[in-house]
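Welcome, and please have your viewer ready. Could you show me around this structure, one selection at a time?

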Amino acid sequence: MKIIDCLAREVLDSRGYPTVEVELTSENFQARAIVPSGASTGEGEALELRDDDKNRFLGKGVLKAVHNVQKEIAPAIIGKEFVEQSILDSLLRKLDGTSNKSHFGANAILPVSMAYARLSALENKQTLSQGIAKNFGTSGLTLPVPLMNIFNGGKHADNGIAIQEFMIIPAGFSTFSESLRAGVEVFHHLKKILHQKGLTTAVGDEGGFAPRLDPSLAAGAEAGPGSHEKVMTLLLEAIQMAGYKAGSQIFLALDCAASEFLNKDKKNNTEYWFEGSSRTSNEMIQMYEKWVSHYPILSIEDGLAEHDWEGWATMTQKMGKKIQIVGDDLFVTNPEILKKGIDLKVANSILIKLNQIGTVTETLDAMKMAHQAGYTTVVSHRSGESEDAFIADLAVGTEAGQIKTGSASRTDRTAKYNQLLRIEHALGNRAKYPGKAAFKI
Ligand code: PGA
Ligand code: ZN
């Protein structure tokens, strides 16, 4: 397939900050892609290039990245034939020449890589999920189990709750659409419960509710002891009110994003500040063990900080047979870091975010390595998203088994669920759904 044009422009993400959209044209087709953006980013992520011009978008403009696509990448790919994704992606990496994509910015490289995936699928008369399935070597028939983030805290809200995401996993159903329906119904019942308690039902960045549970707390103040258990109890109430059974039909998952609540005063990478007191990694692990024995928790992501590898190994040893332990900021979708994790028996699952690593090929490499090592994979959105539903097709094409793409509100989140509904519909009775088996525990 020959590329005949490559354009980039600044568009907006779901938080109202600029991001990069790329449009690639071949002789017969045209395809677009928009790159997402995180808030609680891992230190090892590929670089997101921002303009830092305080006169535009509070410094968050992406005209430098747009310029890099138009003036550096486009001239190198226009008029050239690329027979497969990995050849284009290698060229992009070579042109950038840095290990963390800091020359062009991952936000310049990735949308070109994603748009190419779409364009080559079109050329082959395939859908994006079919194109990815062919590249990855799956049948592309398996829909993912959704991890729905219906209560937001941490950096995605301002309610003083340290843990970033409280998710429900409707895994005890036989199809994706039934699971999604159950999750959506729980979301609506949670809204009723919060409303009855006089709490706000405004939503956070990923479409989950984000109330301050104790309205007397000053703005910005940290929620006190027991507040996280209160959130989980609210979720259980909502599951019950919706008529579902917690622990067999619907489970809970947490993304603690623990690098964000390290005890920074002490400049110690393995001490945490949680619910008003300082905690060691072992104390955090003990708390998680207690929670897992009280609540139907199936998955904990970033329960410890990204530099706390010893703590991660201990947590995996103690809890890895019972629950899924997901590395997000820890692995940053980077095959080299994942390899270290596999060798050191750290975690049993990896979160997959395209823009943490910066090309489709490297993302697929990380997923392949994870599957070979028996790790589960959770394809994920970022907290700053767009209408681009690429990750829905990625989850099906790789048969990842799980997708984390927010709550049942905000079109940036439901766009992915809607794309999965389209894929399920098109597959008809060929569609497969793993349910709880996706968690391998
Ligand atoms: P982020 O959050 O996109 O702000 O990094 C999502 C996550 O931590 O999983
Ligand atoms: Zn995370």
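Here is a short tour, with a selection to make at each stop. Keep in mind that this is a predicted model.

**Stop 1: the two domains**

Begin by colouring residues 3-125 and 145-439 separately, since the protein is divided into domain 1 and domain 2 along these bounds. Measured by their C-alpha centres in the model, the two domains are 27 Å apart. Where they meet, 31 residues of domain 1 are in contact with 31 residues of domain 2.

**Stop 2: the nonpolar core**

Next, select Phe261, Tyr288 and Trp291, the residues that touch the most other members of the largest nonpolar core, which has 130 residues. Now add helix 3, residues 106-123: with 9 residues, this helix supplies the largest share of the core. Where does this core lie with respect to domain 1 and domain 2? Both domains give residues to the core, so it lies between them. As a general background, nonpolar side chains tend to be buried together in soluble globular proteins.

Stay with Trp291 for a moment and show what surrounds this residue. Leaving aside residues up to four places away in sequence, Trp291 touches Ile163, His228, Glu229, Met232, Leu254, Phe274 and Ile297.

**Stop 3: ligand 1**

Now select ligand 1 and the residues around it. There are 15 of them, and Ala39, His156, Arg382, Ser383 and Lys404 come nearest. Which distances are worth displaying here? Try these three:

- From Ala39, a backbone N or O atom lies 2.7 Å from an oxygen atom of the ligand.
- From Gln164, a side-chain N or O atom is 2.9 Å from an oxygen atom of ligand 1.
- From Lys404, a side-chain N or O atom is 2.6 Å from an oxygen atom of ligand 1.

Then switch on a surface: ligand 1 taken alone exposes 270 Å², and the protein buries 100% of that.

**Stop 4: Thr142**

For the last stop, go to the loop between helix 4 (128-136) and strand 4 (145-152), and pick out Thr142 there. Is Thr142 buried or exposed? Its relative accessibility is 14%, so Thr142 counts as buried, the cut-off being under 20%.

Show the side chains of Thr142 and Glu399 together, and you will find a polar contact between them at 2.9 Å. Glu399 is also among the residues that Thr142 touches, along with Ala395, Val396, Lys432 and Pro434, when residues up to four places away in sequence are not counted.

Key
Residues numbered from 1 in each chain as written. Chains lettered and ligands numbered in written order. Predicted model: local features only at pLDDT ≥ 70, side-chain atom pairs only at ≥ 80, totals over all residues. Heavy atoms only, no water. Core = buried A, V, L, I, M, F, W, Y, C linked by side-chain atoms within 4.5 Å. Buried < 20%, exposed > 50% of the residue type's maximum accessible area, 1.4 Å probe, protein only. Helix = DSSP H or I, 4+ residues; strand = E, 2+ residues; numbered from the N terminus. Domains from an automatic or database assignment. Contact = heavy atoms within 4.5 Å. Near = heavy atom within 4 Å. Polar contact = N/O pair within 3.5 Å; in protein donor to acceptor, adjacent residues only side chain to side chain. Areas by Shrake-Rupley, 256 points an atom, 1.4 Å probe, with all protein chains shown as cover.
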